[in-house]
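Here is a note for someone opening this structure for the first time. Please read the points in order, with the model at hand.

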Amino acid sequence: MTAPHHPPVADLADRLARARMAARAAEVDALLITPGPDLRYLTGYDAIPLERLTCLVLPAAADPVIVVPGLEKAAAVASPIGGLGLEILSWGETEDPYALVASLLPTHAVAGLDNHMWAEKVLRLRAAMPAAEQVLAGTVLRELRIRKAPDEVEALRRAGAAIDRVHARVPGWLRAGRTERQVGKDIAEAIIAEGHVRVDFVIVGSGPNGASPHHELSDRVIEQGDPVVVDIGGTMPDGYCSDETRTYSVGKPPAEFVDYYTVLQAAQAAACEHVRPGVTAESVDSAARDIIAAAGYGEYFVHRTGHGIGLETHEEPYIVTGNTELLEPGMAFSVEPGIYLPGRHGARIEDILVCGETDGERVNLRPRDLVIV
Ligand code: ZN
Ligand code: ZN
């Protein structure tokens, strides 16, 4: 069974309509969206980011238009944009697409630019519309993207199951005498083989490298007794991302490691159990952090507990002290506390959760007990 790569056109039309309403409410005259997750979210068009300008112009009070380079027009028509019936304005190689965008907006427009727009495009739009005010479209679109619709939750479940299948195979590749890079290559191939279209990251942190949360791969040879942090993720054909960490041990780990792994496992479970509508994002962080601190490892938990996930691996909401936003059904994020002893070893356990009506649903289901291979 193959999952659809795009939401139904009716859903996309609804997203465009809601984005326009949100823009109007925020007193933004138009959203200007270049290729990236916002464009894909709103139109289903997974456009290639190029130096040539592709830009969805979504006015708060008029019909949307997409400006595309002439040579990209066929690709745009073939995407859900064609089915949406969006007006497509293509520009020739010697025309100025920025002037074309400017001609669609009032002189003193408040223009919401997508958060990932390239700086060169931001500055050229500013030059083409000197009297316009540029603001971030993200402040408008976050209200839509932060709460996942049921089909998006289903997409995250598929991504979670795919990365679970990769983790299920990891013990077969981890053994003393192999390098992190060799293991990483096996994992990267499996990320694709298990249904992703892109490998986003492969972290294999063995022994002391496990104490560096974003260590990726090195030529370090894995030794007997090494704990190994394996944090991996990719993008599925529908654009939704996976992200899951498990910590393994090659042979019998040091006793000290076993002690704090037990603490970490309790902390991760407590934070997951804390998830429900109406609690703050920061309280999920505290649920994990308090347990780790009480066991004396507080100074070794050096990052926030989690990040939102969807069409991007890192998006809102962030599960971090200071984020008092209340969780709501449909919010999806990681719960990934870690304990890192510099120069020695480290551990992290990470699941993606979706906040439901009464509690959090994990989309990653691999066992969280330490796996000794
Ligand atoms: Zn991760
Ligand atoms: Zn993560």
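1. Start with Ile 191. Ile 191 sits in helix α9, which spans residues 180–193. Helices here are DSSP runs of H or I with at least four residues, strands are runs of E with at least two, and both are numbered from the N terminus. Ile 191 is buried, at a relative accessible area of 0%. Buried means under 20% relative accessible area, exposed means over 50%, and partly exposed is in between, for a 1.4 Å probe and protein chains only. From Ile 191 to Val 284 the C-alpha distance is 29 Å, with their positions 93 residues apart in sequence.

2. A word on the basis. This is a predicted model, in which local features need pLDDT of at least 70 and side-chain atom pairs count only at pLDDT 80 or more, while totals for chains, interfaces and linings use all residues. Residues are numbered from 1 along each chain as its sequence is written, chains are lettered from A and ligands numbered from 1 in the order in which they are written, and side-chain values use heavy atoms, with hydrogens and water left out.

3. Glu 189 is also a residue of helix α9. Buried or exposed, or in between: where does Glu 189 fall? Glu 189 counts as partly exposed, at 46% relative accessibility. Its C-alpha atom is 8.5 Å from that of Val 199, 10 residues away along the chain. Val 135 lies 41 Å from Glu 189, C-alpha to C-alpha, and the two are 54 residues apart in sequence.

4. Val 135 belongs to strand β6, residues 133–136. Val 135 is partly exposed, with a relative accessible area of 25%. Val 371 is placed in strand β17, residues 371–372. Val 371 is partly exposed too, at 27% relative accessibility. Val 371 and Glu 72 are 49 Å apart in space, C-alpha to C-alpha, and 299 residues apart in sequence.

5. Two backbone details deserve a look. The peptide bond from Glu 316 to Pro 317 is cis, with omega near 5°. Pro 317 is in strand β11, residues 315–319. Glu 27 has a positive phi, near 60°, although the residue is not glycine. Glu 27 lies in the loop between α1 (9–25) and β1 (30–33). Glu 27 is exposed, with a relative accessible area of 66%.

6. Now the metals. Which residues hold the zinc ion (ligand 1)? Asp 231 gives two OD donors, Asp 243 an OD and Glu 350 an OE, at 2.0 to 2.5 Å. Donors are N, O and S atoms within 2.8 Å of the metal (3.2 Å for Na, K and Ca); water is not among the atoms, so sites may look incomplete. The donor angles at the zinc ion (ligand 1) run from 57 to 148°, so the arrangement is irregular. Four donors count as tetrahedral if all angles lie between 85 and 135 degrees; four count as square planar and six as octahedral if opposite donors are over 155 degrees apart and all others between 65 and 115; anything else is irregular.

7. The zinc ion (ligand 2) has four protein donors: Asp 243 (OD), His 307 (NE2), Glu 336 (OE) and Glu 350 (OE), lying 2.0 to 2.2 Å from the ion. Angles of 83 to 163° make the arrangement around the zinc ion (ligand 2) irregular. Along the sequence, the donor residues of the zinc ion (ligand 2) follow D-x63-H-x28-E-x13-E. Glu 336 is in the loop between β12 (332–335) and β13 (338–341), and Glu 350 in the loop between β14 and β15, so the pair ties together parts 14 residues apart in sequence. Both Glu 336 and Glu 350 are buried.

8. How far apart are the zinc ion (ligand 1) and the zinc ion (ligand 2)? The two ions are 3.1 Å apart, and Asp 243 coordinates both. Asp 243, in the loop between β8 (226–235) and β9 (244–250), and Glu 350, in the loop between β14 (345–348) and β15 (351–355), link distant parts of the chain, 107 residues apart. Asp 243 is buried.
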